[in-house]
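Grab a coffee and open the viewer. Below is a set of short exercises, each with a solution worked through in steps.

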Amino acid sequence: MGSYVQLGEVRTWYEEDGDGRPLVLLHPGAADSRAFEVIVPGLAGHFRVFRPDRRGHGRTPDVDGPITYELMAQDTIAFLEQVVGGPASLLGHSDGAPVALLAALERPDLVRKLVLSAGVFHHDGWAPGAIDLDDETIAFFTDYWGAVAPGGPDHFPVVKAKLDRMHREEPTLTVADLAGYPGPALVMVGDSDEEIPMEHTLALHRGLPNAQLAVLPGTGHGGIDTRIVIKFLTERAEDA
């Protein structure tokens, strides 16, 4: 069962499952915490799993002004402080990856371990056309998003416009910036991911000072291997 928490101006919906060390899952863009429903049962057997819906996504309402990765990182930091109550591991997938990365760079003291799955650290990292949605995809997200969003499907074009701007202008991190997170990191990508060139993922891996790389065979943009994630999050720091 989900709950709401007030994080500044954003009334944030989240769900919580399992016991153990905290793990916060940050969902893809235009999606929400439902995107992780398949993998939660496996993770909840090892961790206390939190799934917030970010601002303008899922059951968390849109608010006036732009949606930015930095604002969502600030929301994540507030979530760690107010709901989790301290440090946690972060797993960000696709749009959730730069949110997790920015939060970790700003508050490394709050991020035990960092998993970045199918994400970019600079907007140039998207493959040509990857962020352009065709009519069929827009129709899907209008229904999917609108099924739970407080504003209903009629508000999706407003959020889509905000996300379009964000994807074309953000994030803007450099490889040098990545050194700001010294903790253990796992960079995960599918070998068939057509949305992010492998060169960008390799640059992300090289830029993080304490990172492992997992390339998933026969996997596209949506894939997450929970066995690899669990192993990474549960191994001792000296073994990482």
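The exercises below go through pockets, a cavity, cores and a few single residues, and the model behind them is a predicted one.

**Exercise 1. Describe the largest pocket: its volume, its lining and the elements that build it.**

Solution.
- Start with volume: the largest pocket comes to about 650 Å³.
- Next, find who sits around it. The lining has 31 residues, and Pro28, Gly29, Ser94, Phe141 and His221 are the ones nearest the centre.
- Then look at the elements. Both α4 (135-146) and α5 (156-169) put at least two residues into this lining, and α5 has the largest share, with five residues.
- Finally, sort by class: 17 of the lining residues are nonpolar, eight are polar and six are charged.

**Exercise 2. Now do the second largest pocket in the same order: volume, lining, elements, classes.**

Solution.
- The second largest pocket holds about 210 Å³ of space.
- Its lining is made of 12 residues, with Arg21, Ser89, Arg112, Lys113 and Leu233 closest to the centre.
- Two elements, β6 (111-117) and α7 (226-234), give two or more residues each to that lining.
- By class, you get five nonpolar, two polar and five charged residues.

**Exercise 3. Ser94 sits by the centre of the largest pocket. Is Ser94 buried or exposed, and what does Ser94 touch?**

Solution.
- Place it first: Ser94 is in the loop between β5 and α3.
- Check the accessibility. Ser94 has a relative accessible area of 9%, and the cut-off for buried is under 20%, so Ser94 counts as buried.
- List the contacts. Skipping neighbours within four places in sequence, Ser94 meets Pro28, Ser117, Ala118, Gly119, Trp126 and His221.
- Tie this back to the pocket: Pro28 and His221, both on that contact list, are also among the residues nearest the centre of the largest pocket.

**Exercise 4. How many cavities of 30 Å³ or more does the whole structure have, and which residues line the largest cavity?**

Solution.
- Searching the whole structure turns up one cavity of that size.
- This largest cavity contains about 90 Å³ of space.
- There are 13 lining residues; Thr12, Pro52, Arg54, Asp75 and Thr76 come closest to the centre.
- β2 (10-17), β3 and α2 each provide two or more of the lining residues, and α2 gives the most, with four.
- The class split is seven nonpolar, two polar and four charged residues.

**Exercise 5. Find the largest nonpolar core and one of its hubs.**

Solution.
- The largest nonpolar core takes in 47 residues, and Val24, Phe79, Leu101, Leu114 and Leu208 have the most contacts inside it.
- Helix α2 (residues 69-84) is the top contributor to this core, giving nine residues.
- Take Val24 as the hub. Leaving out residues up to four places away in sequence, Val24 touches Phe50, Pro52, Phe79, Leu80, Val84, Ala88, Ser89, Leu90 and Leu91.
- Don't stop at one core: there is a second, separate one of 19 residues, including Ile39, Ile230, Phe232 and Leu233.

**Exercise 6. How many residues of helix α3 are buried, and what covers them?**

Solution.
- Helix α3 spans residues 96-106, and 10 of its 11 residues are buried.
- Among the buried ones are Gly96, Pro98, Leu101 and Leu105.
- The cover includes β3 (22-26), α2, β5 (88-93), β6 and α6 (198-207).

**Exercise 7. Compare notes on Arg51 and Gly125: where does each lie, and is each buried or exposed?**

Solution.
- Arg51 belongs to strand β4 (residues 48-52), while Gly125 is in the loop between β6 and α4.
- Arg51 has a relative accessible area of 5%, so the charged residue counts as buried.
- Look for a polar partner: a polar atom of the Arg51 side chain lies 3.0 Å from the backbone oxygen of Ser33.
- Beyond four places in sequence, the residues that Arg51 touches include Trp13, Glu15, Asp17, Ser33 and Glu37.
- Gly125 has 2% relative accessibility and is therefore buried too.
- With the sequence neighbours up to four places away set aside, Gly125 touches Val120, Glu195, Ile196, Pro197 and His200.

Key
Residues are numbered from 1 along each chain as its sequence is written. This is a predicted model: local features need pLDDT of at least 70, side-chain atom pairs count only at pLDDT 80 or more; totals for chains, interfaces and linings use all residues. Side-chain values use heavy atoms; hydrogens and water are left out. Buried means under 20% relative accessible area, exposed over 50%, partly exposed in between (1.4 Å probe, protein chains only). A polar contact is a pair of N or O atoms within 3.5 Å; within protein, one must be able to donate a hydrogen and the other to accept it, and residues adjacent in sequence count only if both atoms are side-chain atoms. Contact means heavy atoms within 4.5 Å. On a 1 Å grid over the protein atoms alone, a cavity is a set of points where a 1.4 Å probe fits but cannot get out, and a pocket is an open set with protein on both sides within 12 Å along at least five of seven lines; lining residues have an atom within 4 Å of a point. Grid points are joined across faces, edges and corners, and a volume is the space filled by probe spheres set on the points. A nonpolar core is a set of buried Ala, Val, Leu, Ile, Met, Phe, Trp, Tyr and Cys residues joined through side-chain atoms within 4.5 Å.
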